[in-house]
Each structure stands twice: as structure tokens, then as C-alpha cells.
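Dear colleague,

I am passing on to you the structure we spoke about, with the sequence alongside. Please have a look at it first; my notes on what was found follow below.

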Amino acid sequence: MTAVAPPPGIVHAPPAGGADDALRRAELQALAFAPAPGPGRADLAAAPPVRGTRPLRVRVHRNHGFELAVPPLEWFLGYAGYAPEAWIGGYDDSLAFGELAGEADVEVVWVDPARYASRLAPAEVSALVGARVAALRERSAAPILVPVLDDPAWDLPALEGAIGRVAGAHPLPLAALQQALGPRFLDPRAAALTGTRLSGPALVQVARLLAFRWIPASVTAGIKAIALDLDQTLYRGVLGEDGVQGVELTPAHAALQRDLVALQERGILLAVASRNEAEDARALLATREDFPLRAAHLSASAVSWGPKAQGLAEVARQLRIAPDAILFVDDNPGELAAVASELPGIRTLYASADAEATRRALALWPGLFRWAVDETDRLRSADLRASEERAALAARAADPGDYLRALGAALTFAVNPARDARRLYEMSHKTNQFNLALARLPEAEVARRVAGREGGAVSVRLRDRLSDSGVVASVLARRDHDGGGEVLVVDELCISCRALGRQLEDLMVGGAVRLLLGQHPARRVRFVHATGPRNAPAREWLARFAGVAALGAEGALELPAERFAGYGPDGGHPVTIEVAHG
């Protein structure tokens, strides 16, 4: 990672994978997730680097030294799957940002408030930094990350509030790290040499938090599910040999199971993928009342004597996600390697014999941290459990209308919904199968659409008598002038895979476009489309809806606005349709 201007136009590549990659990460896992004060700079310098494949442009604006954080940041980001390069600005207390070189995937604002203490009151320092973050947002659409020291030189609540009001900007509290390191957090004696009063261990820990927690949460879709082995992973022992009551739940394994339950409550799906007798596994989770993790916490299971890769493919099918959205946890490095070679892109975590080490890795594992948990995340598990009953209803129904009426399906459209802005952004990045343009819009751009600037947005919530699916569809559009006539350009269209198969795609998209045409009258509607590795369902839908044989690899397809007149509450559809605003 070098301090040079990043070249524009880098295309994000798929995550690293393969057996060698999984084994390297397993071998270095103890170093990467070492307990506080964390790995030393010398330890990281001596360790072989793990090369990621996802290009990442990091731009750092600062008023104190960041150079010593760069080598550990490079190592941790490589372990997390990125191929980083950085542009580091000069010292600038004014945070003027100067000439921004090219584009960035993430902006880091690295500020020491003590540099202002002799000239400004704490409230003034907070106002200054908050205003400069807002100014940076006007010049960059990338996520903005602001590590925040717990320091009396600024008004901490006011600062965090000011940063949080800027779309796509996040204050990163360092108070817990400061408390964990205690007197080792600061080293004022070294400030003249390093340009910062933060110690070497503190800089390494900040780099690790950026690379493992905060940057992945800002630039990638994240992990949707954790698939767990059983023996020597969730407990000590072998189920087939020790029996249901014979396997040992150590205090560390109990704590690990509680951590997993907490992740499930925050919207991460849990599954079991194990070589065991299926009946033994069911009895274990049903009868061991001392286990914090129970069968009700699982959304999928693949327990058999077949290959683990085959079981994980079945888990992905049950969860309706791709394997690369799964983190597989197993105590056997050979299994991790075999799975990684068969399922490209899947993430793998080695379950150490020391369950505390596994807990530390899980707490920081790249892609598991979320800025916030929305209602739809919490509804996901229950919605998946209802999918089998829906399939049975569909099989019994005489026609699609009968199926939808029996299901009691209801759609709620929300126009420019501020409360759903984060969900719309996440759908843009997480949805793969029904994502027509694959635009992956920045959070700041989604916020502009929701605010009615440069276009509009509609969210669609789905519920039926079996479950509430939450917000499952997102349609974002902008108005364009083309040859004297108004054109509504739909440049982001996403439907969650959980909502597919209920024969509601036409109603969701048609109803959303009709509402957007009400805000932005136009003669034609243009759908932007692209080709990705898994978005065939979205492309096939548009071709069928438009009555064309097939779409080109990428481009746009236009339909007359009148095509959407029949979609809405007055259309006589076999579902309940409601409209909300704001």
C-alpha cells in the first residue's frame, strides 16, 4: 500500500478463495485475532502477507500521523480479502481536503482534537469537524469513516451527532480500545517522531478495527449466514462416540454459543453443516437444555456423512443465498480447504481447540459487523421457516390468483421512505439474483434519492398470513430529458430472493414505477440492466415483462409509461395493496 493517488475505474473483483487461501488464513488466524494489546508491528512485519483480490482505494485526510498505521492496515486488509492502496494527505488542521485525487472506495478522516485545544472550545472543535465531514460528503460519494478519540478537547456527543447526520458517514468510537489498552494507548514521548501521540499498539489496533470491522461494513455486502460444524466446534467431544449427554459444554464453548445466538438476533442466519447422524444432531439440540444454541435458532441444516461442500451447497439452497455469503466454521483445516476448493468465495474460520480464540475471531471477523440492525434483518429467520408452507400452498392452488388469495398477501409501498434508506442501500449491495442494474449505489446517493433530490425511491414491504417479510423490494429512479420528452430512468431495481417465487414481481415493480411516475411524470420508462454472475432472474423478468426474446449483455430497455397504469390499489389484484409516504 503506497501513498500515491489511486487510479480511477478499478472494478471490484470477487473475493479470494481456494484451498491454499483457506489454509493460509487458518495458519495466521491466531496472529490476526490475537487478544489485546493485539499483534505487534514486528509480528505482522515478520508474518507472510495474505493477498486479497478485491481492489480497495483508501483515502486518508488527517491532522496527525497515520504513517505507522499503514503497514498493519495493509496486512489486515489483505487478510480480509482486499488488495488495498492508499492516498494519504498532508497534515491539515483546517481539513480543507485540497485536490481530491481520483475516486475512493472509502474516506478516512483522522483527527486529533488536542491540536485545536489551545484555540477552540470543545463545542467549536466538534462543530468544525462535523462541518468538514459534511463538506467532504459534497465532494465524495464514498463512505466516510471518522475514528473518534475519547478526549475532552471536543464535545463527544455533539461530534458523533454531527457526523451521524451526514449520509454514509460514521463516527468510530475508540473509547473501548482506549480503556482496554489503558496507559499503553498514548505515547506522547514519541509524538515528535511519529506525528501522533497514539502509541504503536494503539495504531495497530485501530488499523485492525478499520480493516476487519468498519471498512468491510462500508464497502461490501457482508456475511449473511454462519454454517457451523458440531464436534469440537460447538462443544468438546464427538457426538457419535460420546453420545448426546457425553459431549462437554465447556464455559468457553457456552460463551461461543451465546455469541452465535446474539449474532442470530442481529439478523445473521445460523445453520449446521456436520458429518454426523441427522437424528443424533436433532436430539442434541432438542435435549441439551444447557446449550444456549437450540434448534429454533437455526434456519438450515445439512447433517449427513456426505462431503461438507455438498452439505454447504444444500445450506445455501435452503437459505436462498450464494455460498460466498456464508462463513463456514470447522475445527478441521482439511475440511476448510476442501470446502474452499469446491465452493469458490465461501469464507472459512478455523475453530480452535481453545473456544476463546474462536470467539475472538468471530467477534472481529470481516463482514459480520453491521452499523445497525433493521427490522427486516430480524424477520429473516421466521420468514425462511414459512417458505415450505408457502410452497405447499402454491402446489395445491388451482391458479396464481387462488394462491395469492389463500396466502393473504399484502404489499405496502412507501414513497421516498426515510426510515428505509439504510435498507435500500443494503439491498443495492446485498441482492444478487434479482438486481437488474447491479449499480451498487453509495449510501449517500441512496439518501439523495430518498430525499427527492435527483430522483425518487420506493420501498415495498411484503407480508402474508404466514409471516412478515419486511422490506423486500427497492426501486430507485431519476428523471432524464431525452429528445424533448421526459424519461423516468430506473437505475436500481432489487427484490430479495426470499420474495421470489410468490408471483409478485410484476405487482411490486409495476406499482413502484407507477408511484414514481406520479412524482416525476414521463412519457417513457427506461430500465437500466447489466449482466452479473447471478442476476439471470432479474434479466429474465424484464424480458418477459417487456415482451422481448432476450436482453443484450448490458444497456437499457424502454417501455411507454401507459404500461404501468394498471398497477396500484385500484387494479383489482388478488393481493392487498397499500401506499404510504415518507
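Which residue of β7 is the bridge partner of Leu228? The partner is Val272, and before going further I should say that this is a predicted model, so that everything below is computed from predicted coordinates. The pair belongs to a parallel pairing in which strand β6 (residues 225–228) and strand β7 (residues 269–275) are joined over four bridges.

These two strands are part of an open sheet of five strands, in the order β8-β7-β6-β9-β10, with parallel pairing. Because β8 (298–304) and β10 (347–350) stand at the edges and have a single partner strand each, one side of each is left without a neighbour in the sheet. Direction ignored, neighbouring strands of this sheet are turned by 20° against each other on average.

There is another open sheet of five strands, with the order β2-β1-β3-β4-β5 and again with parallel pairing. Its edge strands are β2 and β5, each of which pairs on one side only, and its neighbouring strands are turned against each other by 25° on average, direction ignored.

I would start at the β2 edge of that sheet. Strand β1 (residues 54–62) pairs with β2 in the parallel sense over eight bridges, and one of the residue pairs to look for is Pro55 with its bridge partner Ala83 in β2. The chain passes from β1 through helix α3 (residues 70–79) to β2, and this β-α-β crossover is right-handed. Strand β2 (residues 82–91) is mostly covered, with seven of its ten residues buried.

Further along the sheet, strand β3 (residues 106–110) and β4 pair in the parallel sense over two bridges, and the bridge partner of Val108 in β4 is Leu145. Together with helix α4 (residues 122–139), β3 and β4 make a right-handed β-α-β unit. On the way to the other edge, five bridges join β4 to strand β5 (residues 169–173), and the two strands run parallel. Here Pro147 stands opposite Leu172 in β5, while Val148 has Pro173 of β5 as its bridge partner. A right-handed β-α-β unit is found here too, made of β4, helix α5 (residues 156–164) and β5.

How many of the five residues of strand β4 (residues 144–148) are buried? The count is five of five, and the strand is accordingly described as mostly covered. In a regular strand the side chains alternate between the two faces of the sheet. In β4, Ile144, Val146 and Val148 point one way and Leu145 and Pro147 the other way, and all of them are buried.

Turning to the helices, Arg380 lies in helix α15 (residues 375–385), and because its relative accessibility is 13%, under the 20% cut-off, Arg380 counts as buried. For a sense of where it sits, Arg380 and Ile163 are 217 residues apart in sequence and 30 Å apart in space, taken from C-alpha to C-alpha. In helix α21 (residues 536–546), the buried residues are Ala538, Arg539, Trp541, Leu542, Ala543 and Phe545. Just after α21, Gly547 takes a positive phi of about 75°.

Lastly, the enclosed space in the model. There are three cavities of 30 Å³ or more, and the second largest of them holds about 130 Å³ of space. Its lining is made up of 14 residues, of which Ala217, Thr220, Ala221, Arg422 and Lys430 lie nearest its centre. The elements that give two or more residues to this lining are α8 (200–219) and α18 (421–430), and the largest share, five residues, comes from α18. By kind, the lining residues of the second largest cavity divide into six nonpolar, four polar and four charged.

With best regards

Methods: Residues are numbered from 1 along each chain as its sequence is written. This is a predicted model: local features need pLDDT of at least 70, side-chain atom pairs count only at pLDDT 80 or more; totals for chains, interfaces and linings use all residues. Side-chain values use heavy atoms; hydrogens and water are left out. On a 1 Å grid over the protein atoms alone, a cavity is a set of points where a 1.4 Å probe fits but cannot get out, and a pocket is an open set with protein on both sides within 12 Å along at least five of seven lines; lining residues have an atom within 4 Å of a point. Grid points are joined across faces, edges and corners, and a volume is the space filled by probe spheres set on the points. Ala, Val, Leu, Ile, Met, Phe, Trp, Tyr, Cys and Pro count as nonpolar, Asp, Glu, Lys and Arg as charged, and the others, Gly among them, as polar. Two strands pair if DSSP finds at least two bridges between them. Axes are lines fitted to C-alpha atoms, for helices over the stretch in contact, and angles run from 0 to 180 degrees between N-to-C directions. Buried means under 20% relative accessible area, exposed over 50%, partly exposed in between (1.4 Å probe, protein chains only). A crossover is right-handed if, with the strands pointing away from the viewer, the path from the first strand over the helix to the second runs clockwise.
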